[in-house]
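The following explanation leads through the model in three steps: an enclosed space, a surface region and a set of charged contacts.

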Amino acid sequence: MNLFETIIMGIIQGVAEFLPISSSGHLCFGKYVLGLNTEVDMLYDVMLHIGTLIAVFIAFWEDIKELIIEGIGIVRDIFINLFIAVSSFFSRNSKENSENIDNDILQTSSNKKSVDEDEQIKHAQEQVHNNELNVKYNSHNKSYRKILGTPYRRFVALIIVSTIPTGIMGVCFGDLIDKASETVLIPGICLLMTGVLLRIADITKPGTLDAQTTPYKKAGLVGIAQGFATLPGLSRSGTTITACLLCGFNKAYAVKYSFIMSIPAILGAAVLEIADFDDTINSDLILNYLVGTVVAGVVGYVCIKTMLKIVKDKKFIGFSIYCFVVGAIAIAYHFIH
């Protein structure tokens, strides 16, 4: 792949990944209808994903930085709470055992008729007192941490909830998705569906939900929508933004949530590809790949900013018409040929 081809693929990746026109659908359209060679080797495909990830990180860095910090805080507080729970459990057992021992000692001492009776009772009372002090010391100032006490911590939890159904659907229906890409009919139908979803997004009244008020159930529904968007022709960004708006998200939060929740999905796809990577790296192509990756990142960043304005102004109509046209051409081509 020469430099020009890597730049073109970088532009396609940056545009189709974030604008609601479906990158997978266009790859199928270009391959079967236009007869283009849309295949790239696995290394470059991973690098293109990295480029688009960088675009998301730059566009939403302030939010992502807070999510990383609060995500680490969640893990820390979970371990702290576990430690408190375990230590409290053993402290209770220790107190119960000590009380039993103290009662036995007191009972024994009260039954003994000897000259040491007073001394034994005194010793038993001192043990009771010391045990009470130990229990108070071990339990002093131990309180559980609130795991999801801030909006960004809830944001982290919402992204996790959304990612779970997406991952499950990707694993369960991976073979079906691959077969759907072997014909232009399914991508054509899905492009028509994308056009419908974009029209729905335009006419849907935005809600007021944000990270602090979004129910986890709705986060799960958005994750299911993203799972369906793995079908070729269904735009991931268009599907998830429409799902967010239908769930009552405010417009700015809908776009932010859609793109940030793409990070685990893109990372997961890249990791799976790396796991299957067994080709020899061609050092002569590394420079071309790096240029293509930078192009994908720059174009992706511009497209993210464009999407923020599109959602704000409710101007999906152009993309909707485009998806209808390309989808209709794809379906017609399938039945003609």
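**Cavity, surface patch and salt bridges**

In this predicted model, the lining of the largest cavity consists of five nonpolar, one polar and three charged residues. The residues concerned are Ala-201, Asp-202, Thr-204, Pro-206, Leu-245, Lys-251, Val-311, Lys-314 and Phe-316. The space that they line amounts to about 40 Å³, and the structure holds one cavity of 30 Å³ or more.

From the interior the account turns to the surface. A nonpolar patch is formed there by Ile-50, Ile-54, Ile-58, Val-294, Val-298, Tyr-301 and Val-302, whose accessible area together is about 610 Å². Two elements each give two or more residues to this patch, namely helix H3 (42-59) and helix H13 (286-313). H13 provides the largest share, with four residues. Val-294 may serve as an example from the patch: this residue is placed in helix H13, and it counts as exposed because its relative accessibility is 52%, where the cut-off for exposed is over 50%.

The charged contacts come next. The model has seven salt bridges by the rule applied, and several of them can be followed from one residue, Asp-77. Is Asp-77 buried or exposed? Its relative accessible area is 4%, so Asp-77 is buried, the limit for that class being under 20%.

One partner of Asp-77 is Arg-76, with the closest N and O atoms 3.0 Å apart. Arg-76 counts as partly exposed, at 45% relative accessibility.

A further salt bridge joins Asp-77 to Arg-145, where the closest N and O atoms are 3.2 Å apart. This pair links distant parts of the chain, since Arg-145 belongs to the loop between helix H5 (117-139) and helix H6 (151-172), whereas Asp-77 belongs to helix H4 (residues 61-111), and 68 residues separate them. Arg-145 is partly exposed, its relative accessible area being 39%.

Asp-77 also meets Arg-153 in a salt bridge, with an N to O distance of 2.8 Å. Because Arg-153 lies in helix H6 and Asp-77 in helix H4, this pair ties together parts that are 76 residues apart in sequence. Arg-153 is buried, with a relative accessible area of 7%. Through salt bridges that share partners, Glu-70, Arg-76, Asp-77, Arg-145 and Arg-153 are joined into one network.

How values were computed
Residues are numbered from 1 along each chain as its sequence is written. This is a predicted model: local features need pLDDT of at least 70, side-chain atom pairs count only at pLDDT 80 or more; totals for chains, interfaces and linings use all residues. Side-chain values use heavy atoms; hydrogens and water are left out. On a 1 Å grid over the protein atoms alone, a cavity is a set of points where a 1.4 Å probe fits but cannot get out, and a pocket is an open set with protein on both sides within 12 Å along at least five of seven lines; lining residues have an atom within 4 Å of a point. Grid points are joined across faces, edges and corners, and a volume is the space filled by probe spheres set on the points. Ala, Val, Leu, Ile, Met, Phe, Trp, Tyr, Cys and Pro count as nonpolar, Asp, Glu, Lys and Arg as charged, and the others, Gly among them, as polar. Patches are made of residues with over 30% relative accessible area and no salt bridge: like charges are joined within 9 Å, nonpolar side chains (Val, Leu, Ile, Met, Phe, Trp, Tyr) within 5 Å. Accessible areas come from the Shrake-Rupley method with a 1.4 Å probe; for residues, only the protein chains shown count as cover. A salt bridge is a side-chain nitrogen of Lys or Arg within 4 Å of a carboxyl oxygen of Asp or Glu. Buried means under 20% relative accessible area, exposed over 50%, partly exposed in between (1.4 Å probe, protein chains only).
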